[in-house]
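Trainee: I would like to go through a model feature by feature and learn how to read each one. Please show it first.

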Amino acid sequence: MILATIGRAAAPRRLSAVRWSSESTSVETPSSAGSVGSKGLEILGTEYASDGWTNATSAILEKTGRELLHKPAHPLAILKELIFKEFPAFAHYDAISPVVSTYLNFDSLGFSEDHPGRSRTDTYYINQKTLLRTHTSAHQLQLLRAGRQNNRSILDQAKNSSAAPGNERFLVAADVYRRDEIDASHYPVFHQMEGVCTFLRGEIKHELPRPKTTRPVPHSEASVEAGSVAQLSDTTQIGKDNPIQPEHTPEEVAFVVEHMKKTMNNMVVQILTKAVAAQKKSGESTDGGQTEFPVRWIDASFPFTSPSWEMEVLFQGEWLEICGCGVMKQSILDEAGMADRVGWAFGFGLERLAMLLFGVPDIRLFWSTDPRFADQFAPGRINTFKPFSRHPSCTKDVSFWLPAGGEFHENDLMDMVRETAGDLVEGVKLIDSFTHPKTGKASRCYRINYCSMDRNVTNEEINAIQEQVREHMVKRLGVTLR
């Protein structure tokens, strides 16, 4: 059982999630997958022009039509509904198109022009002004503004639009896209849950020094009790390295932060408690299953919140980031026409929470259509995944010289390998790096581990794929094979 190994490593390392992370004119409901043509791209039935920034591949665009969050028996959809139920006073969105403008994804959130997140090595661009969202935060300004302007074309797409008629509180569950490394916990398409909660500044003055329990927080708003499955640790402090925004008073920030952390703590405790209960029901806890989870708060930095924090859970001997959060940048609320409000925002990675909740060991499994995986789950039911037979893996190494005078970015290699081999690739890892003492040429050696989740593969099949990988490395990345 995967959870049985949590906390056993002598020196757990921190495994970071990618960013928590131009204005769209509408919120669209996905209908079909996308494709890349000679003159442009078609995504969810809409055509987009391509240009020199275009780097979204057909393999990635195909994922836009999978709609895992709308399959009731899928673990991610089960988790989404679980979280939605914990926030009945929030508007719920789960069908917003992944195509957004660079303005909404970056500029509106305060990303600097030279922020690495804007790079083509990190982000899937449709064209210079349009991309596949890299985080659900791309919809903060869009939804806040829709609430203030009473834009019914957007507001009516909430599953429970009457809960927060002005979008003063909302959740967004959606697929997000990022070029990234290849291993058991990273995938170029994953899912996030965005949460935004705002307060009228005038009302806060009357409720200090602490949030009242009448405020809309999850059902499980009682304080985390001793003996909880989660051992919470928070030694963070607000200061010059994690500052209050000049537009806010210390009293406002204290109110918002306490409300936010209480909400986050209880959300994580609820999920971990359900995970342990599922273990006990399946009998895993009597066989060394993990029943306690260290959880810690650490200081963080995001362009769109300050002060900011991350939550991490010790998972498989590694500190796994599951949430980024903080006090919303007032500039976002001001631009939305909500200068009279302050608020907090969070972003949860649903795959990482689902791995904890269902005991799923490999992020690729969430995309599997193998009935041995899919048939283990049912709508509204939390149960521990029972691994089926692991198919044999095949390891291939590839060594090469970096292009002279050119650029090489590891994410370009990862994306090329994924496009060529698909989900047959279990992991890609740098195993050697050196610079020739006489020529100054730089060399890299990567180990590619091929392992199918649902069938046996032959050496001949993998050899053919590896040869394609090698050919594409030369043509696309400009490297020289060794």
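Mentor: Keep in mind that this is a predicted model. The protein chain has 12 helices and 19 strands.

Trainee: How much of the protein chain is buried, and what area does the protein chain expose?

Mentor: Of the 482 residues in the protein chain, 57% are buried. The exposed area is about 19900 Å², with carbon and sulfur atoms supplying 49% of it.

Trainee: How many disulfides does a search of the whole structure find?

Mentor: The search finds 0 disulfides. The test is a distance: two cysteine sulfur atoms must lie within 2.5 Å. Take C323, whose closest cysteine sulfur is that of C325, 4.4 Å away and therefore too far for a bond. Seen from C325, the closest cysteine sulfur is in C323, again at 4.4 Å and too far for a bond.

Trainee: Are C323 and C325 buried or exposed?

Mentor: C323 is buried, at a relative accessible area of 1%. C325 is buried as well, at 0%.

Trainee: Where is C323 found, and which residues does C323 touch?

Mentor: Start with the element, then list contacts beyond the sequence neighbours. C323 is in strand β14, which covers residues 318-328. Leaving out residues up to four places away in sequence, C323 touches M264, W309, E310, M311, F346, G347 and F348. Sequence distance and spatial distance should be read together: C323 and E194 are 129 residues apart in sequence, yet their C-alpha atoms are 9.8 Å apart in space.

Trainee: Which residues have the most contacts inside the largest nonpolar core?

Mentor: They are M264, I322, F346 and F348, in a core of 78 residues. Helix α7, residues 250-282, gives the most to this core, with 13 residues. A second core of 32 residues lies apart from it, and includes L144, I154, A300 and M338.

Trainee: What does F348 touch?

Mentor: With residues up to four places away in sequence set aside, F348 touches H191, Q192, M193, M264, M267, V268, I322, C323 and L353. Two of the core residues just named, M264 and I322, appear among these contacts.

Trainee: Now a single helix. How far does helix α11 reach from its first C-alpha to its last?

Mentor: Compare the span with the expected one. Helix α11, residues 410-421, has 12 residues and reaches 16 Å, close to the 16 Å expected at 1.5 Å a residue. After α11 comes G422, whose phi is positive, near 60 degrees.

Trainee: Is α11 mostly covered or mostly exposed, and what do its buried residues pack against?

Mentor: α11 is mostly covered, with 9 of its 12 residues buried. Those residues are N411, L413, M414, D415, M416, V417, R418, T420 and A421. They pack against strands β17 (425-435) and β18 (442-450) and helix α12 (459-477).

Trainee: How many salt bridges are there, and which residue pairs with D412?

Mentor: The count comes to 21 salt bridges. R179 pairs with D412, and their closest N and O atoms are 2.7 Å apart. R179 is in the loop between β9 (169-177) and β10 (189-200), while D412 is in helix α11, so this pair ties together parts that are 233 residues apart in sequence. Check the burial of each partner separately: R179 is buried at 9% relative accessible area, whereas D412 is partly exposed at 22%.

Trainee: What do the salt bridges of E252 and E312 join?

Mentor: E252 meets R201 in a salt bridge at 2.9 Å, N to O. E252 lies in helix α7 and R201 in helix α6 (residues 201-207), so parts 51 residues apart in sequence are tied together. Both E252 and R201 are buried.

E312 meets R296 at 2.7 Å, N to O. Here the elements are strands: E312 is in β13 (residues 305-315) and R296 in β12 (residues 293-302), so the pair ties together parts that are 16 residues apart in sequence. E312 counts as buried at 0% relative accessibility, and R296 as partly exposed at 24%.

Trainee: Which residues are linked in a network of salt bridges?

Mentor: K80, E81, D94 and K159 are linked in such a network.

Technical notes:
Residues numbered from 1 in each chain as written. Predicted model: local features only at pLDDT ≥ 70, side-chain atom pairs only at ≥ 80, totals over all residues. Heavy atoms only, no water. Buried < 20%, exposed > 50% of the residue type's maximum accessible area, 1.4 Å probe, protein only. Core = buried A, V, L, I, M, F, W, Y, C linked by side-chain atoms within 4.5 Å. Helix = DSSP H or I, 4+ residues; strand = E, 2+ residues; numbered from the N terminus. Contact = heavy atoms within 4.5 Å. Expected span 1.5 Å × (residues − 1). Salt bridge = Lys/Arg side-chain N within 4 Å of Asp/Glu carboxyl O. Areas by Shrake-Rupley, 256 points an atom, 1.4 Å probe, with all protein chains shown as cover.
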